[in-house]
Amino acid sequence: QVQLMESGGGSVQAGGSLRLSCAASGYTYNTYYMGWFRQAPGKAREGVAVLDSFLSTKYADSVKGRFTISKDNAKNTLYLQMNSLKPEDTGEYYCAARRGYSRAYDVPSPGSMDYWGRGTLVTISS
């Protein structure tokens with residue numbers, strides 16, 4: 001079992017920055033494939049960024065160049081640094097993990113993930 005808990009959400013103005021954290025506990029392994037997802041009102045949940053088992057990253061086109069996913073293995077914590085935030089980035093952000101060892105060729109689909117946090121709300125105002 002893996003438990004995930006997001007933190008760091010909040011409300012900021014457009015152009016600002018936020019750093020989201022996802023603390024993992026329980027049975028956590030370096031081979032886990034982890035990512036960030038978000039869901040805006042009226043829209044489907046979408047993949048934002050992924051850090052695969054080989055430590056390579058993939059980003060949604062909408063956030064490329066602005067967001068950075070990283071992980072601190074010693075702390076079992078996943079991060080999402082979000083810069084140059086836009087109102088379109090508003091939504092509930094979720095941390096998720098997949099069992100096993102695999103390579104990401106693109107941002108993952110929500111249905112492919114095995115474990116989920118409860119989410120943290122990010123609100124970007126104009």
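**Exercise 1. The nonpolar core**

Task: In this predicted model, how many residues make up the largest nonpolar core, and which residues have the most contacts inside it?

Solution. Step one is to size the core: the largest nonpolar core holds 28 residues, and Leu4, Trp36, Leu80 and Met82 are those with the most contacts inside it. Step two is to assign the core to strands, and here β1, β3 (18–26), β4 (33–39), β5 (46–51), β7, β8, β9 and β11 (120–125) each contribute at least two residues. The greatest contribution comes from β3, which gives 4 residues. Step three sets aside a further group, since another core, of 6 residues, lies apart from the largest one and includes Tyr33, Val50, Ala96 and Met113. As general background, nonpolar side chains in soluble globular proteins tend to be buried together.

Step four looks at the surroundings of Leu4: leaving out residues up to four places away in sequence, Leu4 touches, among others, Cys22, Ala24, Met34, Cys95, Tyr115 and Trp116.

**Exercise 2. The open sheet**

Task: In what order do the 4 strands of the open sheet stand, and which strands are at the edges?

Solution. The order is β1-β3-β8-β7, with antiparallel pairing. Because β1 (2–7) and β7 each have a single partner strand, they stand at the edges, and one side of each is left without a neighbour in the sheet. From one strand to the next, the twist averages 15°.

The pairing of β7 with β8 can then be followed in more detail: the two strands run antiparallel over 6 bridges, and Thr68 is found opposite Gln81 in β8. These strands form a hairpin with 4 residues between them, and in its turn Asn76 has a positive phi of about 50°.

**Exercise 3. Salt bridges**

Task: How many salt bridges does a search of the whole structure find, and which residues are joined into one network by salt bridges that share partners?

Solution. The search finds 5 salt bridges, and three of the pairs can be worked through in turn, using the cut-off that a side-chain nitrogen of Lys or Arg must be within 4 Å of a carboxyl oxygen of Asp or Glu.

- Arg38 and Glu46 form a salt bridge in which the closest N and O atoms are 3.0 Å apart. Arg38 counts as buried because its relative accessibility is 6%, whereas Glu46, with a relative accessible area of 29%, is partly exposed.
- Asp89 and Arg66 meet through their side chains at 2.8 Å, N to O. This pair links distant parts of the chain, 23 residues apart, with Asp89 in the loop between β8 (77–82) and β9 (91–98) and Arg66 in the loop between β6 (57–59) and β7 (67–72). Both Asp89 and Arg66 are buried.
- Arg99 and Asp114 form a salt bridge at 3.5 Å, N to O. Both Arg99 and Asp114 lie in the loop between β9 and β10 (115–116), so the pair ties together parts that are 15 residues apart in sequence. Asp114 is partly exposed, at 30% relative accessibility.

The last step is to join the pairs: through salt bridges that share partners, Arg38, Glu46, Arg66 and Asp89 belong to one network.

How values were computed:
Residues are numbered from 1 along each chain as its sequence is written. This is a predicted model: local features need pLDDT of at least 70, side-chain atom pairs count only at pLDDT 80 or more; totals for chains, interfaces and linings use all residues. Side-chain values use heavy atoms; hydrogens and water are left out. Buried means under 20% relative accessible area, exposed over 50%, partly exposed in between (1.4 Å probe, protein chains only). Two strands pair if DSSP finds at least two bridges between them. Axes are lines fitted to C-alpha atoms, for helices over the stretch in contact, and angles run from 0 to 180 degrees between N-to-C directions. A nonpolar core is a set of buried Ala, Val, Leu, Ile, Met, Phe, Trp, Tyr and Cys residues joined through side-chain atoms within 4.5 Å. Contact means heavy atoms within 4.5 Å.
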